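Work through the two exercises below with the sequence and the coordinates at hand, and follow each solution step by step.

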Amino acid sequence: MRTIAVQHLLCRLPEEELREFVLAQRWYGSKSEEVAHVRVVDAFPLRDQIEPLLAIAVVEVRFQSGMHALYNVPLGLRRSAEGFAEVDGWTAFDALEDAELVLELVGLIRSQASVEHEGGELRFCTVDGVAEGPEPAAVRPMGSEQSNSSVVLDEQLVLKLYRKLEAGVNPELELLRFLTERGFPAIASLEGWAAHVGQPLDATLAILQDYVPVRDDGWTLALRDLEADGNGFSPLAHRLGEVTGAMHSVLASDSTDPAFAPEEPSAEMLALTVARIDEEIEQVFGSLPEDPALEPIAGRGDELRDRLQAIGQSGSLGRLIRHHGDYHLGQVLWTEDEDWVVLDFEGEPARPLYERRHKRSPLRDVAGMLRSFSYAASASSLERGVEPPPGWEGEVRTEFLAGYLDEVDASLVPSNGTLERRLQLFELEKALYELHYELGHRPDWVRVPVAGILQLLDEPE
Amino acid sequence: MSEAGRWFESDPLWFKHAVFYEIHVRGFFDGNGDGMGDLRGVTEKLDYLDWLGIDCIWLLPMYPSPLRDGGYDIADFYGIHPDYGSVEDFRAFVDAAHQRQIRVIADLVMNHTSSDHPWFQEARSSPDSPKRDWYVWSDTDDRYPDARVIFVDTEPSNWTWDPVAGQYYWHRFFSHQPDLNYENPEVQDEMLRVLRFWLDLGIDGFRLDAVPYLFEQQGTNCENLPQTHAYLRRVRAEVDANYPDRVLLAEANQWPADVVEYFGDGDECHMAFQFPIMPRMFMALRREDATPMYEILERTPSIPENCQWGLFLRNHDELTLEMVTDDERDYMYAEYAKDQRMKLNLGIRRRLAPLLDNGRDEIELMKAILFSLPGSPVLYYGDEIGMGDNVFLGDRDGVRTPMHWTGDRNGGFSSADFAQLYLPPLMDPVYGYQAVNVEAQLRTPTSLLRWIHRFVELRKQHPVFGLGTYEPLQPSNSRIFAHVRRWEEEIVLCVHNLARSAQAVELDLAQFAGLVPEEMFGQTRFPPIGELPYLLTFGARGFYWFRLVEETA
């Protein structure tokens, strides 16, 4: 069989068609920037003898500003048929739209293939001890994603591609692998992954994980409960607390792995956190627009800063661990087995990768979920016109926290007297972020963070 | 690096919009409780530095050394001083800093070694020693008579007799710091090996100490020689070829026209300190007259696109007055070193806050001017909280005392016994650690520390300060220092009142007619600029930074 120089072909794809293709993709994340050029700067041949050919192309989008972004784009090439660009009689197309090529990628992972390439290496790996299933046949796109692309195989597996290339291990791969290897059940277990190692950068390209058949996500369930009579969600919240606590305990369970070993916060950590939040209050309150929804908190910035000093006072912060990082009701699924599964361990997508890998207090996850309950209650009235039953949010909170404290390793969180204050601290941080965000994007929703902040202001000290 | 490496670039010009922070490892934080700061200690404080917003840490020399010159007397280029930890600690520190996107550069003294260095010991032992020619020897002490003596307080000559060697050896600094002989290709190669060793450990660059003095030549003052520049180009080529995104920062305490030579054609050092501006800022403040600053900036030649000035108010050395006239020096001594003890060599050994009589307005004004100038600012540890100094300690130790972290014992610097500390922390009622410390200032929203944090953040949000033009306005009121910075679409107007009294100034801003000044801290809009002179009024030592924006925006 003749070997085709796939890399050579892809690097010469006509720019105009490539540009049109890339800029139209959902995963293309710089839609507001002015593009100078788009080109394939490198390509890793994965199948260069049998048609369709397959390669992972590294596509560079260079902006007028001089900055650039790099994307992970698996491309197929065939002699005829449809594609977005032509070169030397070959047509290039999106490999994820071709079942045969998707299966090829899965096969490479399962066979732990490795492709050496000019100082670097494309490495396909499997998780130790995970049994592989039968060879899949049917492939369908998962849809609904932004920065990644996923395909579902036989309703059993998901192949998820990280599109934007960033130097460093993707936290999702890191966390899923850690949790899978330790048998944590409430996740879609990892089977394998693909990464680039060596020059010019170490980067995660894709993961292969279980597909979890889902009834609903937590958000939908909470809203449905609110629409009904509002007393069915509490036991689920309790269970969610348990799952969350157990997850944190597992994530903190290996002190020999430097990426996961729990750490004591530095002496200044609490004060630095408080100072940071204090400045956020100053900023947000310094430029509050005129808006009736803001009235309850308008002019109360200094009061809030005083309150912050009170809840940020000395006392423990607990320990710092790897955690979910972007935890809310939309990230947890209620499965057909009647239990929760936690999804999406990528952390806050807007933050740089190195930051998403930092260890922080697990209470940030807890605060994220508590704020999410508050959002659900408000969404019920805002979107569906259903006022939440009195006490709904309070009860759900209590149940979630009770479940959490039952399961979490007690050494990770501050003891009882301080715990409440630290939670308030992280909830305030979150609410300020929400306020900032909603003011810019969804003025109708401003009342949700306003209510959260108000609660803190009016709470007896 | 492979072919493929070329498409991955991070930020080759990062140093042009970075804020640097200078750390004396011994004085920062004691991680093992032995009374001396160490690398583990600095690692523990990375969260603080991350919060402060600095982009790059500059470490004073951390190599094995007899410490007769604060570590600038290196006895082993390939190790870490045992007081500070190990090479492994260093690697862990650099990794931990990188995890926070903080870069690390370190001092490297290429010009000389400690007299304790095995190379020198070997060299002096016999005229036939293979290391003999690594240093500069002479049978007489009258060669290179035109080279000045730098440490005039302690050194009578650049030559010192070595009874063991039976010859004089050459040294531009202390007599315990013999100069390496760069005429010898082995020395040149060895120093490149040293650079590679640390670059391979992950370091992001070097502050090259005392670079003007590498070579000597009869009939010259032995400074800034062409051979020296040629060698620096070789160093740069090595770095560019194998270590992208690194930086070489030259310490060349010279007049601007000589300093710019260290940038070459963008093929020597990436950065060099802007020494002469610094004393003139202090002078301008005292005289309430911006003229000395305008003058020195006017005399500062432009530099290649890929280069940058390093700016500072104070550092670990004395406030150097080498680059001023004799009259100016007398003035500076009279104004800033009223006590004889405050003088050292040709300079003043004091920290920023005491130099400015602890005036908050003065400190803010000086920081504002510094941050507004073209270049990357370098903060000296402790100055962000307004630490004081101790003029009763010898040499430059007075500005190298332990950092004040808390109001607790030893200022939170160390858990060792007080008597065990390498230097006593300050304990006086004004600058002592109970009054001035990180913990208290973090908690106080109006503190200097919190102000500087916001200030660093503001500067970093506007690349114009690192990358933009400098266009002096020089208004008729000489108490006002006003200039414009411009980069791409952004125009920034910086106006500073050097006077102790309220001032008014009329600025000719006709070229910006139609634009609206927006104050950068509070985003307050001022009246639009018209064809007539633009009137601004200031409180004592006040300043404004404006973005000039479209009226509709």
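Two strands pair if DSSP finds at least two bridges between them, where strands (E, at least two residues) and helices (H or I, at least four) are DSSP runs, numbered from the N terminus. The model is predicted, so that local features need pLDDT of at least 70 and side-chain atom pairs pLDDT 80 or more, while totals for chains, interfaces and linings use all residues. Residues are numbered from 1 along each chain as its sequence is written, and chains are lettered from A, ligands numbered from 1, in the order in which they are written.

**Exercise 1.** Determine how strand β14 (residues 332–335) of chain A pairs with β15(A), and place the pair in its sheet.

Solution. Begin with the pair itself: β14(A) and β15(A) run antiparallel and share three bridges, and A:W334 has A:W340 of β15(A) as its bridge partner. Next, extend to the open sheet, whose three strands follow the antiparallel order β13-β14-β15 in chain A. The edges, each pairing on one side only, are β13 (214–217) and β15 (340–342) of chain A.

**Exercise 2.** Describe how α5(A) and α6(A) cross, and identify the residues in contact.

Solution. First take the axes (lines fitted to C-alpha atoms over the stretch in contact, with angles from 0 to 180 degrees between N-to-C directions): those of α5(A) and α6(A) come within 10 Å and cross at roughly 155°. The two helices are therefore roughly antiparallel, a label for angles over 145 degrees. Finally, list the contact (C-beta atoms, placed from the backbone, within 7 Å): α5(A) contributes A:G218, A:L221, A:A222 and A:D225, and α6(A) contributes A:F233, A:L236 and A:L240.

Terms used. Angles under 35 degrees count as roughly parallel, over 145 as roughly antiparallel, 65 to 115 as roughly perpendicular and the rest as oblique. Two residues are in contact if their C-beta atoms, placed from the backbone, lie within 7 Å.
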